[in-house]
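Below is a walk through one protein chain, going from overall charge and shape down to two individual residues. Please keep the model open while reading.

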Amino acid sequence: MKAIRRFTVRPVLPDPLGHLAELARNLRWSWHPRTRELFKSVDPALWEASGCDPVRLLGGVPSARLAALARDEDFLRRLAETAAELREYATGDRWYQEQGGADGQLPRAVAYFSPEFGITAALPQYSGGLGILAGDHLKAASDLGVPLIGVGLLYRHGYFRQSLSHDAWQQEQYPVLDPNELPVSLLREADGTPARIALALPGGRSLLAHVWQAQVGRVPLLLLDSDVEENDPGERDVTDRLYGGGSEHRLLQEMLLGIGGVRAVRAYCRLTGHPEPEVFHTNEGHAGFLGLERIHELALADLGFDAALEAVRAGTVFTTHTPVPAGIDRFDRELVAHHFGPDAELPRIDVGDILRLGMETYPGGEPNLFNMAVMGLRLGSRANGVSTLHGSVSRGMFAGLWPGFDPEEVPITSITNGVHAPTWVAPEVLALGARQIGERRTEDALSVGGSDRWDAVADIHDSDIWELRRTLREQLVHEVRRRLHASWRQRGAATAELGWIDEVLDPDVLTIGFARRVPSYKRLTLMLRDRDRLMELLTHPERPLQIVVAGKAHPADDGGKRLIQELVRFTDDPRVRHRIVFLPDYGMAMAQKLYPGCDVWLNNPLRPLEACGTSGMKAALNGCLNLSVLDGWWDEWFEPDFGWAIPTADGAATDDDRRDDLEAAALYDLLERRIAPRFYERGRGGLPDRWIEMVRTTLTRLGPKVLAGRMVREYVEQLYAPAARAHRALDATAAVELAAWKTRVRAAWPRVAVDHVEASATGATAELGSTLALRVRVHLGELAPEDVEVQALAGRVDPEDHLTGATPVPLKPASGPDLEGRHVYEGPLALDRTGSFGFTVRILPAHRLLASGAELGLVAVPSEATGEAAGVLMR
């Protein structure tokens, strides 16, 4: 018989064990080894059975065991020490406070919005890289002491659990998650009632949400949940699944995340006394509506829309994660209009103003679609991609928002992602570091970072590194066999026919890992392009390979499911099934075993479609070498000492099939001729000396780069601190002034023009070290010189006379206006490079409160007939 209702009966902990509940409710246990060891000692078997989840563990410990622990002086001493350490960690000064975070030099608080967060397998609220990155961002912020508030949604079904059918087709299951069984607690009002967030829906309806709070070290994470009894069934299901449902369902999710999320932050700060955020960080466009809610707050204070927009933009940071337009949420404009206005949400904002923020009003855009990333960029004064290459791709993708500017000047910077090492580094690797430099120094090096090199790795003996690598590989072999056995049982196999699984993989064979989501551009099946050659590599008599593959396709992506099916059918072949396996239900728990156990991490996306790709970073921190296409972070930091680059065949004349054939062949060649020989080659001491040296160099030089601590420090210094300063500068008076100035400049700009350009060399010839004297005559129309900046741009020129690597040089007003209203600007231009050289001039709007000269998307440049044909070329 099935239960008609399910609930959790919580244990009553004896008073001496009260700190256990405190430790279980703070997710720092998920990355803090001593806390995990403490919980494991409560009941080792139950700890494993609970999935290493303290909340589930404490829910199942027998009363007799709890009573015994309450009398165990050694356990109580360890419990008190661990609880005291958590309190010191949560309240003491850390990196942020040392940088001036406590005296107003940095933001008092930052709100970080994301549609998913991967903190731990015990809180399954993530689907892939975006969520894991968001979780690592929160953990690193906690380690650094950054006063962050995370904001997301609580999905009652999370993302799906994956299994395989008998014929290898992906199956999805959506287990129901009971928040009372998760490491979260309800945010409550002072009278004890649950805090509730309300959104107005068309037709006089409401969408209500509770706010659940998870504590991620020092960082609170607020998760909104629409499963509230007063909601209609449709509204209760708004937060049912991550990335599920149709367009209206997704729109409501994103309204709840953005608009409801701001309201949840306000409630949390009101109830706890936490400082109000000065900076709002939108992690991908899903949360973009948060800017509209903040504009509406200011509209309620009678600040007009234009001024409110300027005030909100100043303190908003937007991070884009996708290098392809298809990865961006876009909604029909009529659907968006239906959910806003006097009879729905944000009634103080004109619906036309809302729509203009998201419409694709640029060449090549779809005028009837509301683009969440476009809104994010228009609502944020600072934006970034997640690797150097992705920043460049993003500037090209969104260049239409800044007409007249070359893509490299589009105001989208980049901060390369990092990973939270204490989460992803195997305990055995941590222990080796602790033996070398001590436990605390190891933890600080991995969490806070700050050094360019980990030179202490040089002192670790080759034999210790190689023994560690074999231990981790052997652990992975056992994990793979366990999971493979469970998968085959789910596919309908009888236990009696699965004896072969005991021989799957070998702890002494070169092991390659490939695990990620399965969209087509990540090319899960590239390794199958030449199956005979792959079989030869897998079964080589002297230098065999073994490959562990995992990944989920989106439930609606039948193409991705077919790729999985194709790969699994290959792995089912009795000739190779002991050397290549597919493990279903890829998630954090599997990943934490997979990354350390592999010798080589494979990544072969279509370049440049991988925004960053952090799985290889996690592998590298465990001494795994990378084998990847030069895309994402690998394009930025690849060196031959760290691994191998797969050559790309991305010329315009190469079709997709030809490209895949060429890149697959290059992959096979690398494996056969360079990677396998180096792994199996032995030096005088019987060890693979050259392989070990690559592992050592990866840890020494690449390790410090890939840390989430480095990433969050860069966010603080490059984006959060400037955004906070801009937020403070744009009070109501300044916001009104800036909005009025922008309106005036936009209206006057059609009459701004470069009238004439003159250049004369100070010497007889234009040679290195000489100077050009520039004299530029401009029309400013109704604008004054203080409203603009006149610049010369100088640099090399390509064969089509386009400037490359141009450097702007401000020119100074020399006279004007004359009788015709013209102004003259002058300045020197140094000829500081040889070869093809050129310059042009331009006029940009200028104001002390602008984040960049390109902010308004306005520029005036010489016409072809002006002066010397828009510039001077010298060859």
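The mean positions of the 97 positive and 121 negative charges of the chain lie 4 Å apart. In this count Lys and Arg are positive and Asp and Glu negative, with His and the chain ends not counted; each charge is placed at NZ of Lys, CZ of Arg, CG of Asp or CD of Glu.

The model is predicted: local features need pLDDT of at least 70 and side-chain atom pairs count only at pLDDT 80 or more, while totals for chains, interfaces and linings use all residues. Residues are numbered from 1 along each chain as its sequence is written, and side-chain values use heavy atoms, with hydrogens and water left out.

On the scale of the whole chain, the C-alpha trace spans about 95 × 70 × 50 Å along its principal axes. The radius of gyration is 29 Å, which agrees with the value near 29 Å for a compact globule of 875 residues. That rule is 2.2 Å times the number of residues to the power 0.38, and the radius is taken over C-alpha atoms. The secondary structure comprises 29 helices and 28 strands, which are DSSP runs numbered from the N terminus (helices: H or I, at least four residues; strands: E, at least two).

Of the 875 residues, 58% count as buried; buried means under 20% relative accessible area, exposed over 50%, and partly exposed in between (1.4 Å probe, protein chains only). Contacts (heavy atoms within 4.5 Å) with a separation of 6 or more come to 73% from residues 24 or more positions apart.

Where does R523 lie? R523 is in the loop between strand 15 (510-515) and helix 21 (531-538). R523 counts as buried because its relative accessible area is 5%. Leaving aside neighbours within four places in sequence, the contacts of R523 are F514, N604, P605, L606, V629, R659, D660 and E663. With P605 there is also a link from the side chain of R523 to the backbone oxygen, at 3.1 Å.

A second loop, between strand 3 (161-164) and strand 4 (170-173), holds S165. S165 has a relative accessible area of 17%, so S165 is buried. Outside its neighbours within four places in sequence, S165 is in contact with Q171 and R491. The side chains of S165 and D167 are joined by a polar contact of 2.3 Å; such a contact is a pair of N or O atoms within 3.5 Å, and within protein one must be able to donate a hydrogen and the other to accept it, with residues adjacent in sequence counting only if both atoms are side-chain atoms. T82 is 83 residues from S165 along the chain, and their C-alpha atoms are separated by 45 Å.
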